[in-house]
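Biologist: Could you take me through the interior of this protein in some detail, beginning with one helix and following its surroundings outward? I would like a connected account rather than a list.

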Amino acid sequence: MHIAVLALQGAFIEHEHMLSRLGVDSFEIRQLRDLDASFDGLIIPGGESTVQGKLLRELGLFEPIKKLIADGLPVYGTCAGLLLLAKNIENDERRYIESMNITAVRNAYGRQLGSFFTEEEFLGVGRIPMTFIRAPYISGVGDGVGILARVDGKIVAAREGRQLVTAFHPELNDDTSVHQYFLDMIKS
């Protein structure tokens with residue numbers, strides 16, 4: 001298996017380390033020609049969604065990545081990646097890939113000081129560590145979206161078909177189970 005990691009900004013190297021720990025090859029997408037490689041899935045990391053969206057467009061990656069996802073490429077978005085995939089963002093007029101039938105709330109837990117760590121149940125996996133940094137949450141889901149985790153009643157992980165999103169950063173903890181969930185999703 002070969003996984004692409006969007007490496008324009010944010011916590012991309014941490015995802016690469018997680019994949020390596022699971023014995024999976026990964027490579028970075030930084031420019032249009034990187035999409036010529038053969039790969040089985042894409043991770044869109046946390047970071048700053050507005051910066052990532054701007055860079056995707058400036059580098060000519062936006063439309064090709066949007067088409068790959070629309071054509072069924074498995075994708076996993078963490079934090080900012082969740083916002084890039086969301087069809088709607090309640091408190092932001094900007095729209096990005098809009099491939100997942102969810103409504104998100106940007107910076108839902110406040111600024112940097114609102115960051116926190118907890119452990120909660122992740123459907124089909126069990127109790128896992130969750131690190132939230134200026135995190136969004138999902139305020140609503142549409143048809144076809146399964147809720148995978150909640151924290152304090154708020155949806156923080158979901159799946160729709162071959163798309164997975166988490167509001168938290170599993171790549172910042174030692175537990176590899178969410179990344180394994182994504183790999184298993186690709187295989188199924």
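Modeller: What follows starts from helix α1 and moves through the parts around it.

The model is a predicted one, and what I describe is computed from it. Helix α1 spans residues 12-21, and its buried residues are Phe12, His15, Glu16, Met18 and Leu19. Because these residues cover an arc of only 160° around the axis, they lie on the same side of α1. This fits a general feature of such helices: with 3.6 residues a turn, residues three or four places apart point the same way. The face turned away from the buried side carries Ser20 and Arg21, both of them exposed. Just after α1, Gly23 takes a positive phi of about 75°.

The buried residues of α1 pack against four strands, β1 (2-6), β2 (25-29), β3 (41-44) and β4 (75-78), and against the helix α5 (177-187). Of the 11 residues of α5, 8 are buried, so this helix is largely enclosed by the rest of the structure. The buried residues in question are Ser177, Val178, His179, Tyr181, Phe182, Leu183, Met185 and Ile186.

From α5 the path leads into the largest nonpolar core, which has 59 residues, and in which Ile29, Ile65, Phe122, Leu164 and Phe168 have the most contacts. The helix α5 gives the most to this core, with 6 residues. In soluble globular proteins in general, nonpolar side chains tend to be buried together.

Two of these core residues repay a closer look. Ile29 lies in strand β2, and with a relative accessible area of 0% Ile29 is buried. Leaving aside neighbours within four places in sequence, Ile29 is in contact with Ala4, Val5, Leu6, Ala7 and Leu8, and also with Asp34, Leu35, Phe39, Leu42 and Leu61. The C-alpha atom of Ile29 is separated by 32 Å from that of Lys154, a residue 125 places away along the chain. Phe168, with neighbours within four places in sequence again left aside, is in contact with Thr78, Cys79, Phe122, Ile128, Pro129, Met130, Thr131, Phe132, Val156, Ala157 and Val178. Among these contacts, Phe122 is itself one of the core residues with the most contacts, and Val178 is one of the buried residues of α5.

Asp34, one of the contacts of Ile29, is found in the loop between β2 and β3. At 18% relative accessibility Asp34 counts as buried, since the limit for that term is under 20%. Not counting residues up to four places away in sequence, Asp34 touches Phe27, Glu28 and Ile29. Between the C-alpha atoms of Asp34 and Gly77, which are 43 residues apart along the chain, the separation is 19 Å.

Helix α2 (residues 49-58) begins with Ser49, which is buried with a relative accessible area of 2%. Apart from neighbours within four places in sequence, Ser49 is in contact with Ala80, Leu83, Leu84, Tyr96 and Arg106. Together with Ser49, the buried residues of α2 are Gln52, Gly53 and Leu56. They cover an arc of only 100° around the axis, which puts them on the same side of α2, whereas on the other side Lys54 and Glu58 are exposed. The buried residues of α2 pack against β1, β3, α3 (62-70) and α4 (80-85); strands β1 and β3 are also among the partners of the buried residues of α1. Just after α2, Gly60 takes a positive phi of about 75°.

The largest pocket holds about 190 Å³ of space. It is lined by 16 residues, and those lying nearest its centre are Gly47, Glu48, Cys79, Ile133 and Arg134. The lining divides into 6 nonpolar, 7 polar and 3 charged residues. One of the residues nearest the centre, Cys79, is also a contact of Phe168.

Two loop residues complete the picture. Most residues other than glycine have a negative phi. Asn107, in the loop between β6 (100-105) and β7 (116-122), has a positive phi of about 45° although it is not a glycine. Asp152, in the loop between β10 (145-151) and β11 (154-160), likewise has a positive phi, near 50°. Asn107 is buried, with a relative accessible area of 18%, while Asp152 is exposed, with a relative accessible area of 71%.

Technical notes. Residues numbered from 1 in each chain as written. Predicted model: local features only at pLDDT ≥ 70, side-chain atom pairs only at ≥ 80, totals over all residues. Heavy atoms only, no water. Buried < 20%, exposed > 50% of the residue type's maximum accessible area, 1.4 Å probe, protein only. Arc of directions from axis to C-beta. Contact = heavy atoms within 4.5 Å. Core = buried A, V, L, I, M, F, W, Y, C linked by side-chain atoms within 4.5 Å. 1 Å grid on protein atoms, 1.4 Å probe; cavity = no way out; pocket = protein on both sides within 12 Å on 5 of 7 lines; lining within 4 Å. Points joined across faces, edges and corners; volume = space filled by probe spheres on them. Nonpolar A, V, L, I, M, F, W, Y, C, P; charged D, E, K, R; others polar.
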